[in-house]
Structures are given as C-alpha cells and as structure tokens.
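Visitor: Please give me a close look at a single part of this protein, beginning at a loop and ending where two helices pack. I would like the cut-offs stated along the way.

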Amino acid sequence: MATFFGEVLTFSSRAVDDDDDDDEDQSQPWIPSPELEWSEGINEEINKSPNKLLKCSNLIVTVGAAAAGFVEAYILQNEAVKIGNITAGKIDSEGSTARHQAHSNRESALFRLRTHPGVIVCQCKQEILAEQVFQWTQKIFSQLDTASIDVLVLDSCPVQSYKAAVSISEIQTPFLRCLRSSPAHSQSQPSRVPFLESPNTVKGLSAAVLTHCQVSNLPASLYVAFLESMFIDLDSFKVFTPLLQSTVLSNITKANKTADNILKKILDERTLKDSLYI
C-alpha cells in the first residue's frame, strides 16, 4: 500500500513567566477558522434532509492553479452552478485578520454539476495555510453525507521537490503520481498513474484531505502533478488529461472541443496577472 504523510507542525515549549507568554501571544498573528457558506437553496436542501447533510457521491478537490484550470476547462464549463464557498480569511502584515474585506482572497469555491448533482467540486486556487487545513477539511466533510462518497484530489508541486534515484534533469516533465487511501485500494481498478515513491511526501490541504479519508475509512485518490516551473503553461493543465479516461471523471465528463481555447484564456489571464507583480 502506498503511504502518505501530511505536514506536521512542531511547536517548541520553554519555561517562561506570564508576562513573557503574554508578549509572545500578542506578537503571533491570529489565524482565523475557515467559514463554510452555502447558497440559500443548498441550506434549504440540507435542512430538509433526514440527517441534515448534503448528499454527495463524488467530491473533487482541486489545489492550486494547474488543477483548478484543468477542472474549469473540462468539468465546470457550462456544467456547474456555484453552491457555496469556504473562506479562510486573510492575515495582514500587522497580524490582524480582515475576513470580510478579503472575502475573495482565500476563498475555495464550491460547485455542483447540473447533469450529476451528486458531484461536488471544490476549487482552491489560493494556498490554504498549514494552520488551517485541518479545520478546512473538517468543515467540508462535516456537512456532507459520506455514506457512498468517493473523493478525488488534484494538486501540483515543483519537480525540484521530487526525490528520485536519477537526476531531475533526466526526468521528463510534467508528470503525475498517485496516492490512495486504503478503501480506494480495495475498491478501485489498478491505477494507470504510478504511485508516489518513497521517500516523497505530500503536504498541505491535499495531505489533510487524504489523511481524513484514511482515518474515516473513505475511498480517496490523490493525483499530484510535478511541474518544471512555478509559472503555469498549457502542459501544466494538460498533464491531468489522462485522468479523464481512468478515474471517476470518465463518468461525468464529455468531449469538449473548446477546452483548449478555455485553457489558453485562463493562461492569458494568469500571465497578465503575474506580470503585474514583476
């Protein structure tokens, strides 16, 4: 069985008096708890359900710009309606939090597919802080009926973080690696994507979601794209396309002749945005 590890945060402890402890607390920025907000229609649906949970057969979580762009072009385009969001808030340089003013800065959008209402997509374009990923995961799963759920997570990271027996320069990028929870191993077909080799690890939101599914005995598959550069290009999106035939995506997507045009538009918008900070 493939193994996976979440990011472990270590906290130092030392003997201090009360005044020193108070000073340290004041110097640390306050990390807000993520807030889940459903649309009015979804709130009504949840309230009317016997278990006060939202039915969900498939949860698709995208982390980062590459995965978000892929899902936007191949799954969400003309097939989805926004049903809510998870707001993580923003921590400013002075350590205070402006939740409402920064509503769009760290927002994970939630969508439901019109043709497959049991499929919920959570699109996370911005990084979720390591201190928030556990609460973020608890928020979404506590609201879903997970009796028959199957979870798919898409993420990306720089190839420089990939550990291999050969030089990174000898590896063709981008490429995919996979991790699965134990229930996914027993229920799913063999993966066409190689499993992530030891001692490589995953961290952040992807690790939190996969760990939750492992502990809760839920089937979940994580696909990580290793990218050559931090700057997104068309290959960064298209590295995920093999999943359209080999995962749950094969049952909920159809041929989209405009996908390339959508990806180019997304790329142009991102390139323009990145150029503003150079």
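Guide: The loop between β8 (150-158) and β9 (175-180) holds P174, where strands are DSSP runs of E of at least two residues and helices are runs of H or I of at least four, both numbered from the N terminus. This is a predicted model, in which local features need pLDDT of at least 70 and side-chain atom pairs count only at pLDDT 80 or more, while totals for chains, interfaces and linings use all residues. Residues are numbered from 1 along each chain as its sequence is written, and side-chain values use heavy atoms, with hydrogens and water left out.

The peptide bond leading from T173 into P174 is cis, with omega near -5°. A cis peptide bond is also found from S198 to P199, with omega near 10°, and P199 sits in the loop between α5 (182-187) and α6. That loop leads us to the helix pair you asked about.

Two packed helices are described by the angle between their axes and the distance between the axes. Here the partners are α4 (residues 133-141) and α6 (residues 204-215), which pack at an angle of about 50° with their axes 9 Å apart; the axes are lines fitted to C-alpha atoms, for helices over the stretch in contact, and the angles run from 0 to 180 degrees between N-to-C directions. That angle makes α4 oblique to α6, given that under 35 degrees counts as roughly parallel, over 145 as roughly antiparallel, 65 to 115 as roughly perpendicular and the rest as oblique. The crossing of the two helices is right-handed, a word used when the near helix is turned clockwise from the far one by less than a right angle, with anticlockwise giving left-handed.

On the α4 side, the residues that meet the partner are V133, W136, T137, Q138 and F141, and on the α6 side they are G204, L205, A208, V209, H212 and C213, contact being heavy atoms within 4.5 Å. Sorted by class, this contact has seven nonpolar, four polar and no charged residues, where Ala, Val, Leu, Ile, Met, Phe, Trp, Tyr, Cys and Pro count as nonpolar, Asp, Glu, Lys and Arg as charged, and the others, Gly among them, as polar. As background for reading such lists, an α-helix has 3.6 residues a turn, so residues three or four places apart point the same way.

C213 in this contact is buried, with a relative accessible area of 0%; buried means under 20%, exposed over 50% and partly exposed in between, with a 1.4 Å probe and protein chains only.

Strand β3 (residues 58-63) can be tied to this helix pair through V61, a residue of that strand. Setting aside neighbours within four places in sequence, V61 is in contact with C122, W136, L152, V153, L154 and L205, and W136 and L205 are among the residues in the contact of α4 with α6. V61 is buried, with a relative accessible area of 1%. Its C-alpha atom is 7.4 Å from that of C124, although the two residues are 63 apart along the chain. C124 is likewise buried, at 1%.

The cysteines deserve a careful word: the structure holds zero disulfides, a disulfide being a pair of cysteine sulfur atoms within 2.5 Å. For C124, which is in none, the nearest cysteine sulfur is that of C122, 3.9 Å away.

Following the chain beyond α6 brings us to N217, in the loop between α6 and β10 (220-227). N217 takes a positive phi of about 60° although it is not a glycine, and at 57% relative accessibility it counts as exposed. K52, in the loop between α2 (40-48) and β2 (54-55), also has a positive phi of about 60° without being a glycine, but K52 is partly exposed, with a relative accessible area of 47%.

For the wider setting, the protein chain has 10 helices and 10 strands, and of its 278 residues 42% count as buried. Among its contacts between residues at least 6 apart in sequence, 78% join residues at least 24 apart. Helix α3 (residues 65-76) has 10 of its 12 residues buried, so it is largely enclosed by the rest of the structure.
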